[in-house]
Amino acid sequence: MGLLLAVVVVVFFLIQLAPGDAAVYLGIEQGTGDPEFLAKIRSQYGLDRPLLVQLGAYIGQVAQLDLGQSTYFNQPVLGLILDRLFATVLLASTSLLFAVVVGVALGVFTARRPESPASHGVTIVSLLGFATPVFWSALMMIVVFAAGHPFNILPVSGIEDVRYDGNWFGEAVDLFQHLVLPAASLGFIYLAIYSRLARASMLEVLESDYIRTARAKGAHERVVVYKHALRNAVIPVVTSVGLQVANLLSGALLVEFVFGWPGIGRLAVNAIFHRDSPLLLGIMIFSAAMTIVANLLTDLTYRLIDPRIRVGGSR
Amino acid sequence: MTDFGIAIEPVETGGRGAVRMFLRNKAAVLGLVVFTLIVLVTVFGPSLYGVSAKKMVAPPFLGPGDDLGPLFGTDYLGRDILAGILTGGRTTLLVAAVTALMTMTFGLMVGSLAGYFGRWIDTLLMRFTEIFQVMPSLLFALVVIFLLGPGTRNETLAIGLTLWPGAARLTRAEFLRLREMEFVKASRAIGCGDLRIMFRTILPNAMPPLLTWTTLIVVIAILFHAGLAFLGLVDINTVSWGSMMGKNRGYAINAWWTVALPGAAIITTGLSIALIGDGLQDAFNPKLRGR
C-alpha cells in the first residue's frame with residue numbers, strides 16, 4: 001500500500017513537471033491561446049491551486065477509487081481503463097499461458113538430452129526471441145497473414161468483426177481468431193525466455209542428490225522427471241513470471257499498437273499524443289497496482305508448488 | 001606438486017583464464033566478430049556509402065534488388081533503406097552504449113551502498129528501487145519523454161531511468177554475498193576503509209556477473225529505444241532503426257523490406273551481443289574451467 005502511495009507521488013510530480021498543461025492543450029484544440037480562457041479552464045479543473053494541495057486532493061480521490069477525469073475523452077479515467085482492461089488481460093494472459101506451457105514443455109524435453117539437435121535448437125530460438133523487437137515479429141505476422149498474401153486465414157487488426165453481432169458462438173470464434181496473431185507475437189518473446197530458463201533449471205535439478213536417490217530406489221524414469229524434478233524445476237519459472245508482469249504490459253503496449261488491439265497500452269499511447277495527463281497518470285497507477293497484485297499472487301503460487309515455503313512466516 | 005602422490009592440475013585464475021575460455025567458445029567469438037563489424041560499418045559506413053538517409057534518391061517502394069534502385073530498395077518516400085540502416089545504426093548504438101553506462105553506474109552506486117552497509121540504508125534504497133520496479137518500464141519511459149520532450153539525450157535518460165533497478169538488485173546481491181567472505185574480513189582486519197573495501201576488494205570480485213548483465217542491458221536498451229522510436233515518440237528528425245520501422249509501418253503489407261530490413265539489423269546486433277554475453281558467462285564460470 002505504501003508502495004502504491006509512493007508511485008502516486010512520484011508519477012504525479014513527474015507529470016506536473018511537464019511543460020504545458022491540459023489547459024494549453026485544450027486551448028490549442030479550440031484554436032486559442034487567450035490567457036483569460038486558459039485561466040478559466042485552470043480554475044475549472046483546479047489546476048491553479050498549489051501543487052501540494054493538488055497532490056493531497058488527488059491522493060484523497062485515488063483512495064476512493066476515483067482516478068479523475070480524462071481531459072481528452074472528458075470521461076472518468078477509471079471507466080476508460082476498465083473498458084479496455086478485458087482486452088489487455090485477455091491478450092497478456094493468453095500469451096503468458098502459451099509461453100509458459102510450451103516453454104516449460106520444450107525446456108524439460110530438451111533438458112533430458114542436452115546434446116541433441118533439438119536442445120541446441122531451443123538455445124538458438126531463445127537467443128533469437130531475446131534479440132527480436134516484439135513489434136517486428138508482430139509486423140512480420142501481418143505481412144505474412146494479411147489479405148492478398150499467401151496465408152490469408154486470420155484477421156490482422158482489431159478485436160472483433162461486426163458481422164457476428166448477436167451471435168455468441170460466432171463472436172467467440174471471431175474473438176479467438178483476432179487473438180491468435182497478437183498473442184503469438186507477444187508469446188514468442190516469452191516462450192524464448194521460459195524455454196531457456198526451464199531447460200537450465202531442469203538440467204540443474206536432474207543433477208541433484210534427491211533425483212539420484214529417486215532413481216536408486218527404482219522409480220520409473222517418467223515418475224522421476226515429471227513428479228520429482230519438474231516441481232522443483234518450475235520454481236525459477238514462476239519467479240520469473242511474477243517479475244515479468246510489469247514487462248508484459250510493456251510488450252502488450254507495442255503489440256496493441258501494431259494490431260489495433262483496443263487495450264490499455266493503446267490508451268496510454270493516445271494519452272501521450274493528446275497530452276492527457278490525468279489519463280496517463282491513472283494508467284500508471286492502475287498498472288502499478290496490477291503489478292503489486294501479481295507479485296502477491298506469485299508468492300501464493302510458491303506455496304502451492306513448494307510446501308516448504310511459508311508466505312510471511314519465519315524459516 | 002606430486003609430493004603427496006596426487007596430481008594437482010594447475011588451475012588458471014583471473015582474467016587470462018577467462019579470456020582463453022571465451023576464445024574457445026566458437027559462438028561467442030562469432031558474436032564478437034559480427035558485433036565489431038557492425039560497429040565499424042555504422043561508424044564508417046555512412047561516409048563511405050555517401051547516400052543521405054533523409055533524401056529521396058529513387059522512386060518509392062522499389063524492392064531490394066530492383067535494377068532501378070539501391071541494393072536494399074527504397075521506402076515510401078523513395079529514401080534509400082541501406083543508407084537508413086547505416087545512419088540509423090549510429091543513433092541506436094550510441095543510445096544503447098550511453099544507457100548501459102548510465103544504468104550500470106547508477107545501479108552500481110545504489111546496489112553497492114545497499115549491499116555493503118545493509119540495515120536502514122539497504123531498506124531505504126531497496127524501497128526506492130521497488131517504486132521503479134512496479135511500473136511497466138516502457139510506460140514509465142513514455143512518461144519521462146512526455147515530461148522532458150523528445151531528443152536523443154532525453155530518450156537515453158528515459159531508458160536509463162527504467163533499467164537501473166535490475167543492475168542495483170544484482171550488485172546488492174553480489175555485495176551481500178561477498179561482504180561475509182574471508183578475504184573481505186581480512187582486509188577489514190588490516191584496517192582498510194569502507195570505500196577501499198567496497199571498490200578495491202569487493203567490486204573486482206563482483207564484476208563477472210555485472211559484466212554479463214551489462215551485455216543484456218545493451219540489448220534491452222537497443223530494443224527499448226527501437227520501441228520508443230517505433231511509436232514515434234522520439235525526435236522525428238533523427239534516423240534510427242526503430243523510427244524507420246515506425247514510419248513505414250503503414251506500408252509494411254505491400255513493402256515488407258521497409259520494415260523487415262531495419263528489424264533484421266536490430267536482431268543481428270542483439271544476437272551478436274547476446275552471444276558475447278553468453279560467452280562471458282561461461283568464461284567466468286569456474287565450474288566450466290578446464291573442460
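Student: What makes up 46% of the 291 residues in chain B?

Tutor: Buried residues do. A residue is buried if 20 or more other C-beta atoms, placed from the backbone, lie within 10 Å of its own, exposed if 12 or fewer do, and partly exposed in between. In chain A, buried residues account for 37% of 315. Keep in mind that this is a predicted model, where local features need pLDDT of at least 70 and side-chain atom pairs count only at pLDDT 80 or more, while totals for chains, interfaces and linings use all residues. Residues are numbered from 1 along each chain as its sequence is written, with chains lettered from A and ligands numbered from 1 in the order in which they are written.

Student: Why does A:Val180 count as partly exposed?

Tutor: A:Val180 has 15 C-beta neighbours inside 10 Å, so it falls between the two cut-offs and counts as partly exposed. A:Val180 sits in helix α8 of chain A, and its C-alpha atom is 9.3 Å from that of A:Ser95, 85 residues away along the chain.

Student: How do you know that helix α9 of chain A lies largely in the open?

Tutor: The helix spans residues 209–216, and the number buried among its 8 residues is 0, so it lies largely in the open. After α9(A) comes A:Gly218, with a positive phi near 90°.

Student: And what makes α9 of chain B mostly covered?

Tutor: In α9(B), residues 241–248, 8 of 8 residues are buried. Among them are B:Trp241, B:Met244, B:Met245 and B:Lys247. Their cover includes α7 of chain A, along with α3, α8 and α10 of chain B.

Student: How many helices and strands does each chain have?

Tutor: Chain A has 13 helices and 0 strands, while chain B has 10 helices and 0 strands. Both kinds of element are DSSP runs, numbered from the N terminus: H or I of at least four residues for helices, E of at least two for strands.

Student: What is the nonpolar core here, and which residues touch the most other members?

Tutor: A nonpolar core is a set of buried Ala, Val, Leu, Ile, Met, Phe, Trp, Tyr and Cys residues joined through C-beta atoms within 7 Å. The largest one has 146 residues, and those touching the most other members include A:Tyr194, A:Met284 and B:Leu139. Helix α8 of chain A gives the most, with 16 residues. Domain 1 (2–63) and domain 2 (84–267) of chain A, whose bounds come from an automatic or database domain assignment, both contribute, so the core lies between them. Leaving out residues up to four places away in sequence, A:Met284 touches A:Val11, B:Met135, B:Leu139 and B:Val143.

Student: How many residues of each chain take part in the contact?

Tutor: Chain A puts in 39 residues and chain B 33, where contact requires C-beta atoms, placed from the backbone, within 7 Å. In chain A, helices supplying at least two residues each include α1, α6 and α13. That side of chain A has 34 nonpolar, 5 polar and no charged residues. Ala, Val, Leu, Ile, Met, Phe, Trp, Tyr, Cys and Pro count as nonpolar, Asp, Glu, Lys and Arg as charged, and the others, Gly among them, as polar.

Student: What does the predictor give the complex?

Tutor: An ipTM of 0.80 and a pTM of 0.82. For chain B, mean pLDDT (the predictor's confidence in each residue, from 0 to 100) is 78, with 84% of residues at 70 or more.

Technical notes. Contact = placed C-beta atoms within 7 Å.
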